[in-house]
Structure formats: structure tokens, C-alpha cells
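Here is a short report for a first look at this structure. Keep the sequence and the 3D view side by side while reading.

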Amino acid sequence: MTNRAQTPVVGILGDGQLALMLADALQKLKLDFYCYSTNERSSMELIYPQQTTSDLETFRARCDVFTLENEFFTAEELQNMLNELKSMRNLIG
């Protein structure tokens, strides 16, 4: 794991209602999370600005595991993100 805590940082790909509900649940469980959002006016950005980024490399560096909330991503966008995450992982180790 890349984080300093004993539990992994959960990365949420997406910023819709499901992501917000997941973030609320993770916070109640005292688990760290980070969200990838491409919308500056999303609920995640407004409620959890410190845990949200639109930079995929920053997102990848801060997260240990990932979950997908894909309400607003096309299949092509998801494939491109997956390819980028894979290439970053190869570069990071």
C-alpha cells in the first residue's frame, strides 16, 4: 500500500450520487478515500473538496484500491482511464 495508514485508501472513479453515498459510508467507517472527478461542480467536489481531484496521476498516486461509479463516464473514457492507470502503475512499480 502506498499510504501511511494501515488501511488502504479507496479510490472512487466517478462523482455521482453513488460516489457520494460511498464516500459518506467510508467516512462513517473512518476509512480514507479519494475521488476522481471531472466536474468542478459535482457533489463530491462541493462536499469533499480535499478528497477530490481531476488529475488522474494524482488520483493514482494517492489510492491503493479502486472502485467504479461510472454513471457519467462512457465506455471509451473508462477504457482510456484504465489504460492510463495501468501505464502509471508500470512506471511506479
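## Surface and burial

This is a predicted model. The accessible surface of the chain comes to about 6200 Å². Carbon and sulfur atoms account for 50% of that surface. The chain has 93 residues, and 37% of them are buried.

Contacts can also be sorted by their distance along the sequence. Take the contacts between residues at least 6 apart in sequence: 57% of these join residues at least 24 apart.

## Overall layout

The chain holds four helices and four strands. From start to end, the pattern reads β-α-β-α-β-α-β-α.

The four strands form an open sheet. Their order is 3-2-1-4, and the pairing is parallel. Strand 3 and strand 4 (65-68) stand at the edges. Each has a single partner strand, so one side of each has no neighbour in the sheet.

## Strands 1 and 2, and helix 1

Strand 1 covers residues 10-13. Strand 1 runs parallel to strand 2, and four bridges join the two. One residue pair to look for is isoleucine 12 and cysteine 35: cysteine 35, in strand 2, is the bridge partner of isoleucine 12.

Helix 1 (residues 17-28) packs on the sheet. Helix 1 touches strand 1, strand 2 and strand 4. The direction of helix 1 makes about 165° with that of strand 1.

## Nonpolar cores

The largest nonpolar core has eleven residues. Among them are Val9, Leu13, Tyr34, Leu56, Cys63 and Phe73. Tyr36, Phe59, Leu78, Met81 and Leu85 belong to this core as well. Strand 2, helix 3 (56-62) and helix 4 (75-92) each supply at least two of its residues. Helix 4 gives the most, with three residues.

A second core is separate and has ten residues. Its members include Leu20, Ala23, Leu26 and Cys35.

## Aromatic pairs

How many aromatic pairs are there? The count comes to three. In one of them, phenylalanine 33 and tyrosine 48 meet edge-to-face. Their ring centres are 5.1 Å apart, with 90° between the planes. Phenylalanine 33 lies in strand 2 (residues 33-36). Tyrosine 48 sits in the loop between helix 2 (43-47) and strand 3 (52-53). The pair therefore ties together parts that are 15 residues apart in sequence. Phenylalanine 33 and tyrosine 48 are both buried.

Another pair joins phenylalanine 59 and phenylalanine 66. This pair is tilted: 5.4 Å centre to centre, with 45° between the planes. Phenylalanine 59 has 0% relative accessibility, so this residue counts as buried. Phenylalanine 66 is partly exposed, at a relative accessible area of 36%. Together with Tyr36, Phe59 and Phe66 form one aromatic cluster.

## A loop residue with positive phi

Lysine 30 lies in the loop between helix 1 and strand 2. Is lysine 30 buried or exposed? Lysine 30 has a relative accessible area of 74%, so this residue is exposed.

The backbone of lysine 30 also deserves a look. Its phi is near 60°, a positive value in a residue other than glycine. Most residues other than glycine have a negative phi.

Technical notes. Residues numbered from 1 in each chain as written. Predicted model: local features only at pLDDT ≥ 70, side-chain atom pairs only at ≥ 80, totals over all residues. Heavy atoms only, no water. Phe/Tyr/Trp six-rings, centres within 6.5 Å; stacked < 30°, edge-to-face > 60°. Buried < 20%, exposed > 50% of the residue type's maximum accessible area, 1.4 Å probe, protein only. Contact = heavy atoms within 4.5 Å. Areas by Shrake-Rupley, 256 points an atom, 1.4 Å probe, with all protein chains shown as cover. Pairing = 2+ DSSP bridges. Axes fitted to C-alpha atoms, helices over the stretch in contact; angles between N-to-C directions. Core = buried A, V, L, I, M, F, W, Y, C linked by side-chain atoms within 4.5 Å.
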